[in-house]
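I opened the notebook to record what I looked up in one chain. The entries follow the order in which I went through it.

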Amino acid sequence: MKRTLAFFAAFLLATALTLPAPWIFKIIIDDALPHRDLHQLGWLLVAFTAIFVLRAWITFVRNRVLQYAAMRLVCDVRIQLFAHLQRLPVAFFDRNAVGRLVTRQGAQLVAFSFLVELGFLHGLLAPCARHQVGGLPSVEEEIHGHLEELGGGAAGQEKDLPFRSHARQ
């Protein structure tokens, strides 16, 4: 609960720290530059730099918290999947090739990992980032691109997964 509150506080603070930048530039353009006030200009630039550095640090901490939460979720799913595989009867492994099961499990977990990380990071944060930066790809485009990298391109073309051996011919 404390981490959740810390995340939302960091999220709101990082967003709030974007608000003073236009105001600082307004003062620079309207007051400091026309009156050639280097003292005021220096203080405004120091304030802008401090806000920028503080926002970057808060954004870094926020992203680390999100990545930690996403990784914990993926680890929990991996543990549950492995526990489920251990409870299956031996006959199941006689009917299914173990290599195919491992490959399929790995591919699906990698896809799930991309989904969770992109869903957490971009799904929660992209609307603000798009407003500030613009031109960012949507969550669906990001996920689709990563799944294309994992699963293969056009019909009939097979791509190697990152963990597969490239020795196949």
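The entries below go from the whole chain to single residues.

**Ground rules**

I worked from a predicted model, in which local features need pLDDT of at least 70, side-chain atom pairs count only at pLDDT 80 or more, and totals for chains, interfaces and linings use all residues. Residues are numbered from 1 along each chain as its sequence is written, and side-chain values use heavy atoms, with hydrogens and water left out.

**Whole chain**

I looked up the secondary structure and found six helices and zero strands. I took helices (H or I, at least four residues) and strands (E, at least two) as DSSP runs, numbered from the N terminus. In sequence order the pattern reads α-α-α-α-α-α.

I then checked burial. I used buried for under 20% relative accessible area, exposed for over 50% and partly exposed for in between, with a 1.4 Å probe and protein chains only. Of the 169 residues in the chain, 19% are buried.

The exposed area of the chain is about 12300 Å², and carbon and sulfur atoms supply 66% of it. Accessible areas come from the Shrake-Rupley method with a 1.4 Å probe, and for residues only the protein chains shown count as cover.

I also looked at contacts, meaning heavy atoms within 4.5 Å. Among those between residues at least 6 apart in sequence, 64% join residues at least 24 apart.

**Nonpolar core**

Which residues make up the largest nonpolar core? I listed six: Ile24, Ile27, Ile28, Ala32, Leu41 and Leu44. Helices α2 (20-32) and α3 (38-87) each supply at least two residues of this core, and the largest share, four residues, comes from α2. A core here is a set of buried Ala, Val, Leu, Ile, Met, Phe, Trp, Tyr and Cys residues joined through side-chain atoms within 4.5 Å.

I followed up Leu44. Setting aside neighbours within four places in sequence, Leu44 is in contact with Ile24, Ile27, Ile28 and Ala32.

**Nonpolar surface patch**

I noted a nonpolar patch on the surface formed by Leu54, Trp57, Phe60, Val61 and Val65, with about 460 Å² of accessible area together. Patches are made of residues with over 30% relative accessible area and no salt bridge, with like charges joined within 9 Å and nonpolar side chains (Val, Leu, Ile, Met, Phe, Trp, Tyr) within 5 Å. Phe60 of this patch sits in helix α3.

**Salt bridges**

How many salt bridges does a search of the whole structure find? I got two. The criterion is a side-chain nitrogen of Lys or Arg within 4 Å of a carboxyl oxygen of Asp or Glu. Side chains of opposite charge can pair when their charged atoms come close.

Asp30 bridges to Lys26, with the closest N and O atoms 3.4 Å apart. Both lie in helix α2, four residues apart, about one turn of the helix. Asp30 is partly exposed at 40% relative accessible area, and Lys26 is partly exposed at 46%.

Asp76 and Arg72 form a salt bridge at 3.6 Å, N to O. These two lie in helix α3, four residues apart, about one turn of the helix. I logged Asp76 as partly exposed at 32% and Arg72 as partly exposed at 42%.

**Aromatic pairs**

I searched the whole structure for aromatic pairs and found two. The ring centres of Phe25 and Phe48 are 5.0 Å apart and their planes are at 55°, so I entered the pair as tilted. This pair links distant parts of the chain, with Phe25 in helix α2 and Phe48 in helix α3, 23 residues apart. Phe25 is partly exposed at 39%, and Phe48 is partly exposed at 25%.

Phe92 and Phe93 form an edge-to-face pair, 5.4 Å centre to centre with 85° between the planes. Phe92 is partly exposed at 21%, and Phe93 is partly exposed at 28%.

For both entries, rings of Phe, Tyr and Trp (its six-membered ring) pair if their centres lie within 6.5 Å; planes under 30 degrees apart count as stacked, over 60 as edge-to-face and the rest as tilted.

**Single residues**

Is Arg36 buried or exposed? I found Arg36 exposed, at 74% relative accessibility. Arg36 is in the loop between α2 and α3, and its phi is near 55°, a positive value in a residue other than glycine.

Ala70 lies in helix α3 and is buried, with a relative accessible area of 1%. I also took the C-alpha to C-alpha distance from Ala70 to Leu115: 9.5 Å in space, for residues 45 apart in sequence.
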